[in-house]
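Reader: Thanks for walking me through this one. Could we take the terms in turn and check what stands behind each?

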Amino acid sequence: EVSRVYVFENSGTPGDDLLMSQRFEWTAPGVPGKMANPAFQGRAYRQDGGGQFAAALARGEAVRGHARDILPSARDLLDRHGTRSYLAVPIFTGPHWWGFLGFDECQCERDWTALETDALQVVAGVLGAAFERQRAERERAGIERKMVESQKLESLGVLAGGIAHDFNNLLTSILGNASLLRFDLPKDSPLHPSLEQIEQTSLRAADLCRQMHAYSGRGRFQSQRVDLARLVEDTTHLLEVSISKKVVLRFNYGPGVPAVEGDPTQLRQIVMNLVINASEAIGDRSGIIAISTGVMRVDQHYLATTYLAPELPEGEFAFLEISDNGCGMTPEVKARIFDPFFTTKFTGRGLGLAAVLGIVRGHRGTLKVYSEPANGTSFKLLLPVATGAIAVEAGSTGGLENWRSHGHVLVVDDE
């Protein structure tokens, strides 16, 4: 019999940053518990000389002793819970040191026998196997969920692309016949306003088709090597006039960010859509939209938390992150933000983020989304890094140096 049984789980990085947190406790009648004490949650092993304790457990060794033999600061913590002697054995999940299982004796000092240590190690082995099985099941469930999500998006993309293609053909016929009819009408015909309305409506419908093509991931891309920071800089003026005047844009460009392979026009559309959405999430109050670029190496555990990731390999990715301090999203809304025609806006069409996802899919990238109600939202676009020189978009100013014209420019502003 023992006074107290407990389980601690590790977190953080092996070394100085490795932490331990109590996950389970059983106590004998009359023995105070220590699980409610915050000192045992997120406690660094290196505190109070615990480095040797951690090193022994990491090697698979049992650690035993008496409270009177350890450093005063740690002994005071044990004394407050009546611990006189302790025995701890490591818990491993595969080759990974997960944490430890421990016994406390509070009635008197106790010299633990080899039989007691062996028995505790057997129990720790059973616990480790159970934890490993749970981890594998969670990982498999996560992969299956991502695969189903990816298949759903792929199916919707095929459907959207097919509809957009057929509908675009119909619109081409409508616009072509409207143009021919305009040539046949007299200049003073009362039908010209109606024809103009037909053409404008058809062009708006064509814009919807382009967004549906973008969602399908089969839009027309003109790929080249792109510097994400330069891309954002070139779009800054357009962003500033598209968002609320109460919103401030902040830029944080990471050093040495490699180029990505992509279509600058499509990537610029991603930036526009996400920044405008961020501004609308902030609303009429003052707020901040932060645009950051950088590079990071991601593994499968990180990719499992993103969209469109099941087929992506681990490696180095350049990222573009757009964050706001707006209203945030509930988990229910977040789960549907990329569904075509889903919108929380009164005048929205629900294709903006759907198009963003399609463009990302077409670029073999991924998206990570973080959002909480009242705590803002963050979209992180990750694209595989490219090799080679960055292409500079050619200007269209050729032959315009000597061009002259005259007329009036009308500027309309709301202030």
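Author: Gladly, and let's start with pairing: two strands count as paired if DSSP finds at least two bridges between them. Please keep in mind that this is a predicted model.

Reader: What makes strand 1 and strand 6 a pair?

Author: Two bridges would be enough, and strand 1 (residues 4-11) and strand 6 (residues 96-105) have six, in the antiparallel sense. These two therefore meet the definition of a pair. Within strand 6, L101 is the residue opposite V7.

Reader: Which sheet do these strands belong to, and in what order do its strands run?

Author: They sit in an open sheet of six strands, ordered 3-2-1-6-5-4, and the pairing is antiparallel.

Reader: Why are strand 3 and strand 4 placed at the edges?

Author: Strand 3 (43-44) and strand 4 (63-66) each have a single partner strand, so one side of each lacks a neighbour in the sheet.

Reader: Which helix lies across strand 4, strand 5 and strand 6?

Author: That is helix 1 (residues 51-58), which runs at about 50° to strand 5 (85-93).

Reader: On to the other sheet, then. What is the strand order there, and what kind of pairing does this open sheet of five strands have?

Author: The order is 8-10-11-13-12, and the pairing is mixed. Strand 8 (247-253) and strand 12 (366-371) are its edge strands, each pairing on one side only. From one strand to the next, the twist averages 20°.

Reader: How do you know that the pairing is mixed?

Author: Look at strand 10 (residues 287-298), which pairs with strand 8 in the parallel sense over seven bridges. With strand 11, strand 10 pairs in the antiparallel sense over ten bridges. Both senses appear, so "mixed" is the right word, and both counts satisfy the requirement of at least two bridges. For residues to look at, V248 stands opposite I288 in strand 10, V247 has G287 of strand 10 as its bridge partner, and G294 stands opposite F319 in strand 11.

Reader: Which helices lie on this sheet?

Author: Helix 5 (residues 228-242) lies across strand 8, strand 10 and strand 11 (315-324), at about 170° to strand 8. Helix 9 (residues 352-362) also packs on the sheet, where it touches strand 12 and strand 13 (377-384), and its direction makes about 140° with that of strand 12.

Reader: How do helix 6 and helix 9 pack?

Author: Two packed helices are described by the angle between their axes and the distance between the axes. For helix 6 (residues 264-282) and helix 9, the angle is about 145° and the axes are 10 Å apart.

Reader: What hand does the crossing of helix 6 and helix 9 have, and which residues meet there?

Author: The crossing is left-handed. On helix 6 the residues are Q266, Q269, I270, N273, L274 and N277, and they meet G352, L353, V356, I359 and V360 of helix 9.

Reader: How many residues of each class are in the contact of helix 6 with helix 9?

Author: Six are nonpolar, five are polar and none is charged. Glycine counts as polar, so G352 goes with the polar group.

Reader: Finally, what share of the protein chain is buried?

Author: Of its 415 residues, 40% are buried, a label that requires under 20% relative accessible area.

Note on methods:
Residues numbered from 1 in each chain as written. Predicted model: local features only at pLDDT ≥ 70, side-chain atom pairs only at ≥ 80, totals over all residues. Heavy atoms only, no water. Buried < 20%, exposed > 50% of the residue type's maximum accessible area, 1.4 Å probe, protein only. Helix = DSSP H or I, 4+ residues; strand = E, 2+ residues; numbered from the N terminus. Axes fitted to C-alpha atoms, helices over the stretch in contact; angles between N-to-C directions. Contact = heavy atoms within 4.5 Å. Left-handed = near helix turned anticlockwise from the far one by under 90°.
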